[in-house]
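Subject: Structure for you to look at

Hi,

Here is the structure I promised to pass on. Please open it beside this email and follow along.

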Number of protein chains: 2
Amino acid sequence: MADVTSVSPLAPDRFPDLPAVAGVRLATHAAGLRYEGRPDLMLAELAPGTTVAGVFTRSLCPSAPVDHCRRIIGRGTARALVCNAGNANAFTGAAGAASAELTARAMAAGLGVDADDVYLASTGVIGEPMDDVALGAALTNLAPALADADPTAWAAAAEAIRTTDTYAKGSSAPIAGSSASVVGIAKGSGMIAPDMATMLAFVFTDAAVAADVGRRYLSSSVAGSFNRITVDSDTSTSDTVLLFATGQAEGNGGAVDERAFRAALDTVCLDLAHQIVRDGEGATKFVAVTVTGAADDTAAEIIARAIADSPLVKTAFAASDANWGRIVMAVGKSGQAAERDHLAIWIGAEQVAAGGAKLDGYSEARATEHLKGDEIDVRVDVGVGSGSATVWTCDLTHGYIDINAGYRS
Amino acid sequence: MADVTSVSPLAPDRFPDLPAVAGVRLATHAAGLRYEGRPDLMLAELAPGTTVAGVFTRSLCPSAPVDHCRRIIGRGTARALVCNAGNANAFTGAAGAASAELTARAMAAGLGVDADDVYLASTGVIGEPMDDVALGAALTNLAPALADADPTAWAAAAEAIRTTDTYAKGSSAPIAGSSASVVGIAKGSGMIAPDMATMLAFVFTDAAVAADVGRRYLSSSVAGSFNRITVDSDTSTSDTVLLFATGQAEGNGGAVDERAFRAALDTVCLDLAHQIVRDGEGATKFVAVTVTGAADDTAAEIIARAIADSPLVKTAFAASDANWGRIVMAVGKSGQAAERDHLAIWIGAEQVAAGGAKLDGYSEARATEHLKGDEIDVRVDVGVGSGSATVWTCDLTHGYIDINAGYRS
């Protein structure tokens, strides 16, 4: 048995140093909603004038907090974010919707803001009612604990939203040509760990970003980061990415170059997305699957995802087995145009196949050597067009089974 | 570590008694193409006038034998079937296509039939060239070994086409109102075990069935059986189902009632499909997932497949964990219409959820008791319409990882 409580072997050495974001104050609290003896509730208070953009799960059975956020996000303004870990408030019916509204109203009253400017996220068990009494009591403790979002507060906030994550996740990037920056925290272990459900990412900037600009860049950024990772192909009821822009950075009223902002946002989202894959349940290898030569970029992504989601490919990676027949299989099942007789495959720098057959001179020993590392690159050219895409995943090991066939019961 | 060589705990007690099919003669041979000391090549010689229908993999990277069969099947006639285990002859380029044609021509010459009436199937390693010398030598040994397809010959044929299968698979059904019957053999362990690739099923009848009738009923039968099972969501380069009708049954020139034939064909295909799931890699439980209340039957099948393919649902079943939140998650990710607030879920006879929330009086103990058995029934009503479908799968265990992260290298 793998030790399911140990930190992922792919974890970064330590939580990064993150700068303060003007206009963001953070607080955490141990509400005891499911976990004992650790903070499980976080609050981010946002300065007046903060804009918001969000991307939510495509699940048709979304959680009550996702319903709430979707309802209010058209306003484009935000004053607070409340997130709890331990209970997803998903598939909880009318009682769950009431719990979400109660949380928003209580927090709004405590901060003196509009309840429709309070964003919610919940992660944890599906189908269990929220403990409204414990939650209500805890909410009254949050506002007095608010502190500026200094490096210590970021780490505490990232810790408070963990469920099965084996480490807290944070990232930042400066916005070139300004004093502003983009800072994000995230949780997720497995594309979803469904009892402790959800991929959540909260991204903050003190740049001034209009809500419609934020929406456009966040959608694009998520498409290239959080939507390009897969641990087990499952999709949470609660997946949420929120971007808050306070506009409180010094100089020019927080104005920044849009391209510089976009670059910083992309950097933070991609870093957080990779950190989630590196904390994939049972992961021992970080795998980048790149597909080139597809009909278009969308086709390339579908093929790359078919490879990255295949249990057979992922178990081969776990065993450092250069089992490229499984890659051919995954390309074939993707349903996207591929020229079998022009297919080429690389494992690391070693070309395995060309022209639809094994390459003369292919060295399985060299391919295996690459696969023995914990950073794996696989590339497939499908010989049709010029579309390309990269998807990131991890291997499939006994650790995944240990975690998912055991931890709830 | 699971013992990967042991027989599946879900295996039937023994290979069934199968009747002879007039007009079918079988032979097997140890060709040594990959395996040592066991037959790995089978031949079925078919009487003149035999019709054929086939269903092949949807993979866009099909094997050379699949290409061959697709090329000739429009003729509707067959005189022989040759199948080898150990090498899939897939992703082998022009050399692979030449090997397939060599096999068909050699067998045709040995039997005195047309090479375009010789059907081929190969299962095994992807990407390795066939050993044409060994294969050619073996083919000359097949024709002299032909014997009537008595029960012993069926068992030997089913044994010869095994790869990672832990038991040989066969099934039969009489055709009501006639002396004819339908007999099938199959291999498959995992929807695909891609080194030892492939789901193969060969079905024989001594009824007289016109090729177009056979095509229509085989397609329908496969849609409700082999296409409704999933072990790991992967799709082989070589999946093949062939139906051969010799018309050699006594009385009325083999004529049978079409509905009686169809019923027998459905029975045999469903039995063989279930036997494949029961031999799923690492399987310890046989799971039927039924979805009702969907927009239509196709939507129901997609939702049922999302549940049956979810690694998180399958690991919960492995642990006898009544983790119904994972079922909600899978419904939500399926992309098909479902009314979250009307969703109802049953585990065995125990209703878990109704009206989009956990049912008052739900007993997790009773649900767990059902899950501790090795035959699991799950039903979900999605509250939209009257579409329904059942998909069969198995649980996901350490045994799957042991087999797939280990056996090739």
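Below is what I found, taken topic by topic. One caution before you start: this is a predicted model.

**Domains of chain A**

Start with the overall division. The domain assignment splits chain A into domain 1, residues 24–278, and domain 2, residues 286–404. Taken over C-alpha atoms, the centres of domain 1 and domain 2 of chain A are 33 Å apart. The two domains touch: domain 1 of chain A gives nine residues to the contact, and domain 2 of chain A gives 10 residues.

Which elements supply the side of domain 1 of chain A that touches domain 2 of chain A? Strand E10 (229–230) and helix H6 (258–278) of chain A each supply at least two residues. H6(A) has the largest share of that side, with three residues. By class, the side of domain 1 of chain A that touches domain 2 of chain A has three nonpolar, four polar and two charged residues.

**A sheet in chain A, and a helix on it**

Next, find the open sheet of five strands in chain A. Its order is E5-E4-E2-E1-E6, and its pairing is mixed. The edges are strand E5 (118–125) and strand E6 (147–148) of chain A, which pair on one side only.

Some background helps here. Strands of a sheet pair through backbone hydrogen bonds, either parallel or antiparallel.

In which sense do strand E2 and strand E4 of chain A pair? The sense is antiparallel, and the pairing of E2 (residues 41–46) with E4 (residues 80–87) runs over five bridges. To see one bridge, go to Ala44(A): its partner in E4(A) is Leu81(A).

Helix H2(A) packs on this sheet. It touches E2, E4 and E5 of chain A. The direction of H2(A) makes about 135° with that of E5(A).

**Two helices crossing in chain A**

H2(A) also meets another helix. The axes of helix H1 (residues 64–72) and helix H2 (residues 93–111) of chain A come within 8 Å, and they cross at roughly 55°. Angles from 65 to 115 degrees would count as roughly perpendicular, and angles under 35 as roughly parallel. H1(A) and H2(A) are therefore oblique to each other. Their crossing is right-handed.

Which residues make the contact of H1(A) and H2(A)? From H1(A) come Ala64(A), Pro65(A), Asp67(A) and His68(A). From H2(A) come Gly96(A), Ala97(A), Ser99(A), Ala100(A) and Ala104(A). Sorted by class, this contact of H1(A) with H2(A) has five nonpolar, three polar and one charged residues.

**Helix pairs in chain B**

Now move to chain B. Helix H2 (residues 93–111) and helix H3 (residues 132–142) of chain B have axes that come within 10 Å and cross at roughly 20°. H2(B) and H3(B) are therefore roughly parallel to each other. The crossing of this pair, H2(B) and H3(B), is right-handed. The residues that H2(B) brings include Leu102(B), Ala106(B) and Met107(B), and those of H3(B) include Leu135(B) and Leu139(B). The contact of H2(B) with H3(B) has five nonpolar, five polar and one charged residues.

Helix H5 (residues 211–223) and helix H6 (residues 258–278) of chain B pack at about 40°, with axes 10 Å apart. H5(B) and H6(B) are therefore oblique to each other. They too have a crossing to note, and it is right-handed. Tyr217(B) of H5(B) and Leu265(B) of H6(B) are among the contact residues. By class, the contact of H5(B) with H6(B) has five nonpolar, one polar and three charged residues.

**A sheet in chain B**

Last stop: an open sheet of five strands in chain B. The order is E3-E11-E9-E8-E7, with mixed pairing. Strand E3 (51–56) and strand E7 (169–174) of chain B each have a single partner strand, so one side of each has no neighbour in the sheet. From one strand to the next, the twist averages 10°.

Strand E9 (residues 200–205) and strand E11 (residues 240–245) of chain B pair in the parallel sense over six bridges. Ala201(B) stands opposite Val241(B) in E11(B).

Helix H1 (residues 64–72) of chain B packs on the sheet and touches E3 and E11 of chain B. Its direction makes about 135° with that of E3(B). H5(B) packs on the sheet as well, touching E3 and E11 of chain B. The direction of H5(B) makes about 30° with that of E3(B).

Best wishes

Definitions and conventions: Residues are numbered from 1 along each chain as its sequence is written. Chains are lettered from A and ligands numbered from 1 in the order in which they are written. This is a predicted model: local features need pLDDT of at least 70, side-chain atom pairs count only at pLDDT 80 or more; totals for chains, interfaces and linings use all residues. Axes are lines fitted to C-alpha atoms, for helices over the stretch in contact, and angles run from 0 to 180 degrees between N-to-C directions. Helices (H or I, at least four residues) and strands (E, at least two) are DSSP runs, numbered from the N terminus. Angles under 35 degrees count as roughly parallel, over 145 as roughly antiparallel, 65 to 115 as roughly perpendicular and the rest as oblique. A crossing is left-handed if the near helix is turned anticlockwise from the far one by less than a right angle, and right-handed if clockwise. Two residues are in contact if their C-beta atoms, placed from the backbone, lie within 7 Å. Ala, Val, Leu, Ile, Met, Phe, Trp, Tyr, Cys and Pro count as nonpolar, Asp, Glu, Lys and Arg as charged, and the others, Gly among them, as polar. Two strands pair if DSSP finds at least two bridges between them. Domain bounds come from an automatic or database domain assignment.
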